[in-house]
Amino acid sequence: MAIRAVVFDVFGTLVYMRERRRPFRRLVGLLEARGRHGQAGDAARIMSRDVGLAGAAALLGAELGAQELASLERDLQAELASVRLFDDTAATLQALRARGLRLGLCSNLAAPYAPPVRALLPFELDAYAWSFEVGAVKPDPAIYAHVCERLGCAPAEVLMIGDTRADDWLGPRDFGMHSRWLRREGGDAREETIAGLDQVLAEVERLAD
């Protein structure tokens, strides 16, 4: 079955941050300092809800002081202002669109990070599967099902590209999609890897053979 659509992870794949301050991680640390024990699912709970920092604190059963919240918000705004496209992102998206392929995003992300990403993209994509809107985080099959449905494609017609082994390579593959693991530091010939987005179109063409 020919590839009709390509879906991308976001951070580490299409975009990166020049300045990392990790305000949501700091939030969890502040709550732990108050005696709340961190739980394994904290990050997933935050990323699967449409909340900012104050909402995330409430979701975890706590309340931030005004000064604490202001400090975290400053860190968050600094991160958002530092988001940049990788050098190969725009040209890759444009080349794929020129071939008539549908394009989508599938990302585990806290809600405030989505708007700057969309603002940087060279054009609107055909489908978005943000974890905070879907209510599920990769590698939950529900998030892959969501993006395939929005694209109007069967899983076997979709190629997923991302930099996380479990979420962007194994998870989509288990769901029935094609997938490639983006390893910018260099791929592994024993695995389905690519070293840059400029290799995506060649992978699409190879899968069509």
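In which sense do β6 and strand β7 pair, and over how many bridges? To find out in this predicted model, begin by selecting residues 158–162, which form strand β6, and then add residues 178–182, which form strand β7. The two strands pair in the parallel sense, and four bridges join them; to locate one of these, look at Gly162 in β6, whose bridge partner in β7 is Trp181.

Next, select residues 165–175, helix α9, and follow the chain as it leaves β6, passes through this helix and arrives at β7, a β-α-β crossover that is right-handed.

Now turn to the other pairing of β6 by selecting residues 5–8, strand β1, which runs parallel to β6 and is joined to it by four bridges. Here Ala5 has Val158 of β6 as its bridge partner.

With β6 still selected, display its side chains and consider its two faces. In a regular strand, side chains alternate between the two faces of the sheet. In β6, Val158, Met160 and Gly162 lie on one side while Leu159 and Ile161 lie on the other, and both faces are covered, with each of these residues buried.

From Leu159 and Ile161, move on to Val200, which is in contact with both of them and also, beyond its neighbours within four places in sequence, with Val6, Phe8, Thr92, Leu96 and Ile194. Val200 belongs to the largest nonpolar core, a set of 49 residues in which Phe8, Leu105 and Val200 touch the most other members. Finally, select Ala129, Cys148, Leu151 and Cys153, which are among the 14 residues of a second, separate core.

Note on methods. Residues are numbered from 1 along each chain as its sequence is written. This is a predicted model: local features need pLDDT of at least 70, side-chain atom pairs count only at pLDDT 80 or more; totals for chains, interfaces and linings use all residues. Side-chain values use heavy atoms; hydrogens and water are left out. Buried means under 20% relative accessible area, exposed over 50%, partly exposed in between (1.4 Å probe, protein chains only). Two strands pair if DSSP finds at least two bridges between them. A crossover is right-handed if, with the strands pointing away from the viewer, the path from the first strand over the helix to the second runs clockwise. A nonpolar core is a set of buried Ala, Val, Leu, Ile, Met, Phe, Trp, Tyr and Cys residues joined through side-chain atoms within 4.5 Å. Contact means heavy atoms within 4.5 Å.
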